[in-house]
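Work through the exercises below with the sequence and the model in view. Try each task before reading its solution.

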Amino acid sequence: MSEHKRKVGDRGQVTILKELRDRRGITGGDEVECVEVNREIILKPPTDKERLAEGYRKRAERSRELAEEMEEASAEATGKLGDAPGWSE
């Protein structure tokens with residue numbers, strides 16, 4: 001982690017180092033989130049809600065796939081081993 005000192009202007013403005021802006025794809029007019037964590041101020045790009053939603057959709061689909069796989073494995077185990085004693089649905 002590299003550190004660069006910047007002066008805070010009278011209106012509370014700080015210039016983000018160009019190297020960091022370029023690396024994170026931050027350009028003039030972009031919004032950033034300011035978050036305080038353990039007495040530190042963190043600047044980060046705002047959460048992309050569509051990207052976040054897509055991640056949740058993928059996770060839900062994978063959960064459905066795993067449930068189907070487990071259902072097949074469970075049926076196969078029940079067929080070979082029988083129902084567990086005392087098990088009822």
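**Exercise 1: a surface patch**

Val32, Ile41 and Leu43 make a nonpolar surface patch of about 280 Å². Patches are made of residues with over 30% relative accessible area and no salt bridge (a side-chain nitrogen of Lys or Arg within 4 Å of a carboxyl oxygen of Asp or Glu); nonpolar side chains (Val, Leu, Ile, Met, Phe, Trp, Tyr) are joined within 5 Å, like charges within 9 Å. Areas come from the Shrake-Rupley method with a 1.4 Å probe, and for residues only the protein chains shown count as cover.

The model is predicted: local features need pLDDT of at least 70, side-chain atom pairs count only at pLDDT 80 or more, and totals for chains, interfaces and linings use all residues. Residues are numbered from 1 along each chain as its sequence is written, and side-chain values use heavy atoms, with hydrogens and water left out.

Task: state where Ile41 lies and whether Ile41 is buried or exposed.

Solution. Step 1: Ile41 lies in strand β2, residues 40-44. Strands (E, at least two residues) and helices (H or I, at least four) are DSSP runs numbered from the N terminus. Step 2: the relative accessible area of Ile41 is 69%. Step 3: buried means under 20%, exposed over 50%, and partly exposed in between, so Ile41 is exposed.

**Exercise 2: the loop before β2**

Task: find the phi values of Asn38 and Arg39.

Solution. Step 1: Asn38 and Arg39 lie in the loop between β1 (33-37) and β2. Step 2: Asn38 is not a glycine, yet has a positive phi of about 50 degrees. Step 3: Arg39, also a residue other than glycine, has a positive phi near 65 degrees. Step 4: Asn38 counts as exposed because its relative accessibility is 71%; for Arg39 the value is 82%, so Arg39 counts as exposed.

**Exercise 3: the length of α2**

Task: check the span of helix α2 (residues 49-81).

Solution. Step 1: the expected span is 1.5 Å times one less than the number of residues. Step 2: α2 has 33 residues, so the helix should span 48 Å. Step 3: its end C-alpha atoms are 47 Å apart, which agrees. Step 4: just after α2, Gly82 takes a positive phi of about 85 degrees.

**Exercise 4: the chain as a whole**

Task: give the order of the elements and the share of buried residues.

Solution. Step 1: the protein chain has 2 helices and 2 strands, running α-β-β-α from the N terminus on. Step 2: of its 89 residues, 2% are buried.

How values were computed
Buried < 20%, exposed > 50% of the residue type's maximum accessible area, 1.4 Å probe, protein only.
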